[in-house]
Amino acid sequence: MSQREDAVGTYEKWDFAEGTELEKEEQRKPKGALSLERAVVLLYVLLALTFVLFMALTIVNLQRVSAAWEVLEQARIRSENSHTTAWHNLSEVQRALDKQLSGELKVIHSRLLNVSQEVENVRWKMTQCKEECGKELSDRLRVLEERDGLEAVLRQLAEVKQEQSHASALLDVALEETRNLSEIICTRCPAGWQQFAKTCYFFSSTTKPWLAAKDFCTNFNSHLAIVNTEQENKFLANHIMDHRVFWLGLTDMHTEGNWKWVDGSILSLSFWNSGEPNNVGHQGEDCATIYSSGHWNDATCSNAEPWVCERSC
Ligand SMILES: [Ca+2]
Ligand SMILES: [Ca+2]
Ligand SMILES: [Ca+2]
């Protein structure tokens with residue numbers, strides 16, 4: 001505004017100085033020429049005023065644009081400051097969250113380790129328990145079973161004892177019946193065999209050496225006679241005619257003087273004749289014979305003599 005006032009003032013001074021000259025020039029010129037000059041001057045004045053006005057408006061607008069630019073700059077700075085502050089705050093929050101999460105993760109990890117340790121302990125206890133507890137349970141179950149089943153076992157034991165006693169009685173009866181039956185059957189010795197005390201005897205009518213006679217008896221499911229009792233010896237003697245002898249199942253052919261029966265039993269009861277056994281002759285005498293008197297004599301085994309076979313009923 002001050003510049004415009006200066007321009008107006010200058011214009012007024014110029015107008016006052018020039019006014020005198022224009023009046024003098026108008027007095028010297030005709031009236032038409034004076035009107036044109038005034039119009040031109042007026043035009044110049046208008047142009048000058050327009051220019052001044054344009055400049056003033058331009059300055060005013062520049063001041064406004066400058067002020068607006070300054071406001072925008074301040075806004076930009078504030079925005080940057082705000083952005084920086086927000087970023088800083090965000091970073092702080094992030095660090096705080098990280099720190100908090102890290103702490104919580106450590107706590108969770110620690111708890112997981114504890115849980116893992118507990119699981120491992122439980123697994124170890126289960127492994128131990130699989131053997132010890134299994135044995136303990138098995139023992140307890142066995143004790144319970146034994147305790148529960150003890151009475152039943154005792155009852156069964158009593159019943160078994162009773163049945164055993166009954167079976168024993170039945171067995172005695174059966175044995176007695178078997179003995180009676182055996183005596184009955186024993187009366188049925190094969191044809192040509194003689195029976196004595198549940199035993200059958202075969203007195204040969206031909207003669208054979210001792211070994212041949214032994215084989216004969218074996219072929220008939222029997223053996224040469226073995227004298228077990230005096231009665232048996234007497235029975236044999238009673239079936240021998242005078243002046244005859246029969247082979248018995250007695251020999252010392254394996255070891256001289258060591259007489260054994262054909263079933264391998266040693267000689268415990270003997271009826272040797274006086275002076276026997278004498279083992280005479282160059283071949284010796286290793287096989288026993290029985291006389292009709294019931295006495296025995298050792299004779300040469302290769303001699304041919306009759307024999308006596310014996311078998312059970
Ligand atoms: Ca006998
Ligand atoms: Ca002999
Ligand atoms: Ca002799």
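Which angles occur among the six donor atoms of the calcium ion (ligand 1), and is the site regular or irregular? The angles run from 50 to 143°, and the site is irregular. The legends below start from the whole chain and then turn to two calcium sites in this predicted model.

**View 1. The chain combines four helices and eight strands.** From the N terminus on, the elements run α-α-β-β-α-β-α-β-β-β-β-β. The chain has 313 residues, and 19% of them count as buried. About 23,600 Å² of the chain is exposed. Carbon and sulfur atoms supply 58% of that area. Take the contacts between residues at least 6 apart in sequence: 67% of them join residues at least 24 apart.

**View 2. Residues I226, N228, E232 and E310 coordinate the calcium ion (ligand 1).** I226 gives its O atom, and N228 gives OD1. E232 and E310 each appear twice in the donor list, with OE atoms. The distances are 2.0 to 2.8 Å. In sequence, the donor residues are spaced I-x1-N-x3-E-x77-E.

**View 3. I226 and E310 link distant parts of the chain at the calcium ion (ligand 1).** I226 sits in the loop between β3 (223-224) and α4 (230-238). E310 belongs to strand β8 (residues 308-312). The two residues are 84 residues apart. I226 has a relative accessible area of 4%, so I226 is buried. E310 is buried too, with a value of 8%. The cut-off for buried is under 20%.

**View 4. Residues E276, N278, E285, N297 and D298 coordinate the calcium ion (ligand 3).** E276 and E285 each supply an OE atom. N278 and N297 each supply OD1. D298 supplies both O and OD. These donors lie at 1.9 to 2.5 Å. The arrangement is irregular because the six donor atoms subtend angles of 66 to 152°. For six octahedral donors, the ideal angles are 90 or 180 degrees. Along the sequence, the donor residues follow the spacing E-x1-N-x6-E-x11-N-D.

**View 5. E285 and D298 tie together two parts of the chain at the calcium ion (ligand 3).** E285 lies in the loop between β5 (260-261) and β6 (287-290). D298 lies in strand β7 (residues 296-299), so the pair ties together parts that are 13 residues apart in sequence. Are these two residues buried or exposed? E285 has a relative accessible area of 10%, so E285 is buried. D298 has 0% relative accessibility and therefore counts as buried.

Note on methods. Residues numbered from 1 in each chain as written. Chains lettered and ligands numbered in written order. Predicted model: local features only at pLDDT ≥ 70, side-chain atom pairs only at ≥ 80, totals over all residues. Heavy atoms only, no water. Buried < 20%, exposed > 50% of the residue type's maximum accessible area, 1.4 Å probe, protein only. Contact = heavy atoms within 4.5 Å. Areas by Shrake-Rupley, 256 points an atom, 1.4 Å probe, with all protein chains shown as cover. Donors = N, O, S within 2.8 Å, 3.2 Å for Na, K, Ca; no water. Tetrahedral: all angles 85-135°; square planar, octahedral: opposite > 155°, others 65-115°.
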